[in-house]
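Please examine the protein shown below and follow how its strands, nonpolar cores and charged pairs are arranged. The report that follows treats these topics in turn.

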Amino acid sequence: MLSQPSVPLPTKPASTAPAPPAVVVRDWRRVYANRLALTDALVLIWVVFGTQLVWFDFDQATASVKFDATRVGINYTVISLALIAAWMLVLRVFGTREARVVGSGNAEYRLIADASVRLFGLVAIVAFLVKLDLARGYFLIAFPLGVMVLLLSRWMWRQWLSIQRARGKYSSLVLLVGSADSAEHIAAELGRSTDSGYRVVGACVPTGKVGGTLGSTTIPVSGTVDTVLQALEATGADTVIITSSDELTPVRVRQLSWSLEPGRQHLIVAPSLTDIGGPRIHTRPVAGLPLIHVETPRYEGRKRFSKRFFDILGSGAILLVASPILLVVALLVKFTSPGPVLYRQERIGLNGEPFNMLKFRSMRVNADAELAALLAQQGTSDRPLFKVQNDPRLTRVGATLRKFSLDEFPQLINVFRGDMSLVGPRPQREGEVALYDSAAKRRLIVQPGMTGLWQVSGRSALSWEDAIRLDLYYVENWSLMGDVVILWRTIRAVVAPGKEAH
């Protein structure tokens, strides 16, 4: 006979009326998924029927299917309706509207593309097997245009969802369970990214007393690890995140999972891993154990070749297209202040090797000699991020060049030569590298970049701790698609730099 669960179960109220918090928590996922479904349907109707009208020019054309020696005509309106229905079905089957994929990451976009490719591949196979004379317009217009507009509509919904989640709406309400230190750490990580859709509303820690707060945070302590279910009811949380396993044995975790209400309450186990990207993590069940495999990042072979090829192609194309702008900037620098147009500064690159980084000169000549005094004056000489606020050394056009990152464009030459990459940790001076700790030194195992993850996540407004955390995340989880996303975000940051750029 099984022993009684050590996690106490709450008593059920006599009334059958649902509790108000449960309705709110349950509804947001379904409401948002329904809105996505409606938008998807409108997009597909517009794309598929638009393709039909453009391809046939309003003619009542029909497709034909061969049966033995005869052919049977099928109106293209019927085919368009069937294609829309099938497209909507595969988008649902592939889980493109599931709460676990919407709002953050690229899984939502990847699933949409994957579902669409498989659908049209299946349509092509079926058309070949049944000898259906299907119009090529569906493949040449509806397929690529449909995917692009679907992705655009999902991106627009994501911007709206991000705003709502920043206000605390459309998010899973989280109850943290584990040691105080691990719970506080997970709370801090979740708090950095509201887009992820997890809002912490309480914590259960071994020695916790109801009414207190979790460490230095404002998160209320809602009970101990023995009163998780009561804490769920009190806080209205719909998600339990176990932050450490020392306080909960495997049997108690299993009993807790059995006690949660299916479909409304969810259980998540957070391993002691942070800043690890999804492509490096693989879960493999072995003997009933959900083992998590974490691949060691490697930068060799195909990965190094693809990154270098991307850098050469990208930097060469940008230099060619932007050459008129570069000429105008060079003339502005030349005629607004005395001194050379280009500024060369020694920076530390891959594996600690120095190189000369190029920039358009945005400061007066011999500005480097004033840096130490300015850093000491603002009290930041001991930090490995030598940034001067309201820098008095800037020339008349220098502030504008710095704000819109126009001074960085000559680094495209460094990228083309192989000193730098388009994307990577920013190269720093030798004095800054000398202040690195063992973790920060991992920035040097990849080529430095013109732009990076921390530049598009706050630029000069970030502290050194946040900057190094983002750089290390990039180093540990590099991917070519990640570089493309960072470059796109860089373009947006340059066009609309904001107050944090200087």
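In this predicted model, strand β10 (residues 342–348) pairs with β11 in the antiparallel sense, over seven bridges. Within this pairing, R344 stands opposite L358 of β11. The two strands form a hairpin with five residues between them. One residue of the turn, N351, has a positive phi of about 60°.

Is strand β11 largely enclosed or not, and why? Strand β11 covers residues 354–360, and five of its seven residues are buried, so the strand is largely enclosed by the rest of the structure. A general point helps in reading such a strand: in a regular strand the side chains alternate between the two faces of the sheet.

M357 is found in strand β11. With a relative accessibility of 1%, M357 counts as buried, because the limit for a buried residue is under 20% relative accessible area. Leaving aside residues up to four places away in sequence, M357 touches Y343, R344, Q345, R347, Q411, N414, M420, R426 and P427. M420, one of these residues, is 63 residues from M357 along the chain, yet the C-alpha atoms of the two are separated by 8.7 Å.

**A parallel sheet**

Elsewhere in the model, an open sheet of five strands shows parallel pairing, in the order β5-β4-β3-β6-β7. The edges are formed by β5 (221–223) and β7 (266–269); each has a single partner strand, so one side of each is left without a neighbour in the sheet. From one strand to the next, the twist averages 35°. The partner of β5 is strand β4 (residues 198–204), and these two pair in the parallel sense over two bridges. In one of the bridges, C204 has G223 of β5 as its partner.

**Nonpolar cores**

In soluble globular proteins, nonpolar side chains tend to be buried together. In this model, the largest nonpolar core has 24 residues, and those with the most contacts inside it are L44, Y76, W87, L91, Y138 and L150. At least two residues of this core come from each of the helices α1 (20–56), α2 (76–93), α3 (107–129) and α4 (137–166). Helix α2 supplies the largest share, eight residues.

Which residues does Y138 touch, not counting residues up to four places away in sequence? Y138 touches V48, T51, Q52, Y76, I79, S80, L83, F120 and F143. Apart from the largest core lies another core, of 17 residues, and among them are L175, A237, I242 and L260.

**Salt bridges**

Side chains of opposite charge can pair when their charged atoms come close. A search of the whole structure finds 14 salt bridges. The table gives some examples.

| Salt bridge | Closest N and O atoms |
|---|---|
| E261 and R264 | 3.0 Å |
| D483 and K307 | 2.8 Å |
| R443 and D471 | 2.7 Å |

In the salt bridge between E261 and R264, E261 counts as partly exposed at 36% relative accessibility, whereas R264 is buried with a relative accessible area of 9%.

The salt bridge between D483 and K307 has its closest N and O atoms 2.8 Å apart. D483 lies in helix α14 (residues 480–495) and K307 in helix α8 (residues 302–336), so this pair ties together parts that are 176 residues apart in sequence. D483 is buried, with a relative accessible area of 0%, and K307 is buried as well, with a relative accessible area of 13%.

For R443 and D471, the closest N and O atoms are 2.7 Å apart. R443 lies in the loop between α12 (430–433) and β13 (449–451), while D471 lies in helix α13 (residues 464–476), so the pair ties together parts that are 28 residues apart in sequence. Both R443 and D471 are buried. In addition, a network of salt bridges links D40, R97, E108, R154 and R158.

**The protein as a whole**

The secondary structure comes to 14 helices and 13 strands. Of the 502 residues in the protein, 42% are buried. The protein exposes about 27700 Å², and carbon and sulfur atoms supply 63% of this area. Among contacts with a separation of 6 or more, 71% join residues that are 24 or more positions apart.

Conventions: Residues numbered from 1 in each chain as written. Predicted model: local features only at pLDDT ≥ 70, side-chain atom pairs only at ≥ 80, totals over all residues. Heavy atoms only, no water. Salt bridge = Lys/Arg side-chain N within 4 Å of Asp/Glu carboxyl O. Buried < 20%, exposed > 50% of the residue type's maximum accessible area, 1.4 Å probe, protein only. Helix = DSSP H or I, 4+ residues; strand = E, 2+ residues; numbered from the N terminus. Contact = heavy atoms within 4.5 Å. Areas by Shrake-Rupley, 256 points an atom, 1.4 Å probe, with all protein chains shown as cover. Pairing = 2+ DSSP bridges. Axes fitted to C-alpha atoms, helices over the stretch in contact; angles between N-to-C directions. Core = buried A, V, L, I, M, F, W, Y, C linked by side-chain atoms within 4.5 Å.
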